[in-house]
Amino acid sequence: MDAILGDCSLEHLRKRTSHKWRTYAPDVLPVFVAEMDFDPAEEIKDAIRAALTAGDLGYPHKGELGEAFAEFAADRLGGWTPAPDLIFAIPDVMTGIAEFIQAITGPRGGVVINPPVYAPFFFRLELADRRIVQAPLAAADGSYELDLDALDRALREPGVGAYLLCNPHNPVGRVWSRDQLTAIADLCDRRGVPVLVDEIHAPLVLPGARHVPFHTLDHPAARRAVVFTSASKGWNIPGLKCGIAVAGDQRAAAILDQRWDALLGSHLGVHASIAALRNARPWLDAVVRQIEANTRLLGTLLPEHLPGARYRPPEASFLAWIDCREMELGDDPAAEFLARGKVALSSGPDFGTEGLGFARLNIGTSPELIGEAVRRMALAVNG
Ligand SMILES: Cc1ncc(COP(=O)(O)O)c(C=O)c1O
């Protein structure tokens, strides 16, 4: 591993007290929640130290976050040039999405999503009394595609007021193409449904895939869309509470502006995000190189130790979606891995009924810990 990522030793990691490291007993290896194990970028630590020294711990002001994100997007996200004044600091992606959806839909309003998908897409919106309308991805031979017919049917359901797209997709790891995004934009435009896009995993697109920011489509649906993203996944700083919302037009900007109080994040998060986007790109590059190597490592370890597991390497990010159905571990293989192997993966069914028989493994760590996770999974299966 690149020295700037640290060594991911368990001795060091177990000193952490975050959700990942405190949810299970110390003899369980946690590979569930989407936190990586690498040491934080020095540039981020410097920015936080400078803020602490200055006593700069007040309510957040976005400062140069808009400019920093626009520079990063132009350089690293397909030449996207969002206007800084349409870029907002938010506490996190899910709060931004939930607030925005509550602004544009009424109680019991329908929100279309593509399961299997990130669990809070279901429960966070249900808690806000919105109705989830499912347009499942099409699955064939372990590969997932958008099902445009299913999407169109869902968009036409009465009361649907928003479509929440995940690109890159968690958990299946797909990065949707420009043609697919254009087809989505056409459908949503025809049905009059606004598009919200969660692009939080975009900084972690792996070599071979190309992320197309939704706002780079030359399309009326893209101009009305709102994109939600963050430095929190790419640079592993979710605890610092700063996400980014990019409004497509002034109307969306006004909705975000009016809700400034509900959307206050952390000022330290703003500092950290600016440092990440501007200065910590070599760290991000080292992470992407490591994840790519890890996807290949998993591709050799699984057939060796768990021949019944099916896995297609993700096109982006550090989450491996593993089909365990051949191993007959029941609907929730993660429960078996935990009980019998002391390794905590994310439960497939949390991502929707399409996730029955699946589990999600976090590979944002060292090759050694991936080996250890697979060893424990194999122990659960083989005894
Ligand atoms: C697709 C997706 N959206 C949102 C989030 C959470 O982001 P935040 O902490 O900014 O709400 C995650 C975290 O794993 C995610 O995978």
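**Note on the ligand site and the overall fold**

1. The ligand is surrounded by Ala-34, Asp-92, Val-93, Met-94, Tyr-118, Cys-166, Asn-170, Asp-198, Ile-200, His-201, Ser-232 and Lys-233. Here a residue counts as near if one of its heavy atoms lies within 4 Å. This is a predicted model: local features need pLDDT of at least 70, side-chain atom pairs need pLDDT 80 or more, and totals for chains, interfaces and linings use all residues. Residues are numbered from 1 along each chain as its sequence is written, and side-chain values use heavy atoms, leaving out hydrogens and water.

2. The shell around the ligand is mixed. Six of its residues are nonpolar, three are polar and three are charged. Tyr and Cys count as nonpolar in this scheme, and Asp and Lys as charged.

3. Three side chains make polar contacts with the ligand (pairs of N or O atoms within 3.5 Å). Asp-198 has a side-chain N or O atom 2.5 Å from a ligand nitrogen. For Asn-170, the distance to a ligand oxygen is 2.7 Å. For Lys-233, a polar side-chain atom is 3.1 Å from a ligand oxygen. The protein covers 92% of the 390 Å² of accessible area that the ligand has on its own (Shrake-Rupley method, 1.4 Å probe).

4. Now the whole chain. It has 14 helices and 15 strands; these are DSSP runs, of at least four residues for helices (H or I) and at least two for strands (E). The C-alpha atoms fill a box of roughly 60 × 55 × 35 Å along the principal axes.

Key: Polar contact = N/O pair within 3.5 Å; in protein donor to acceptor, adjacent residues only side chain to side chain.
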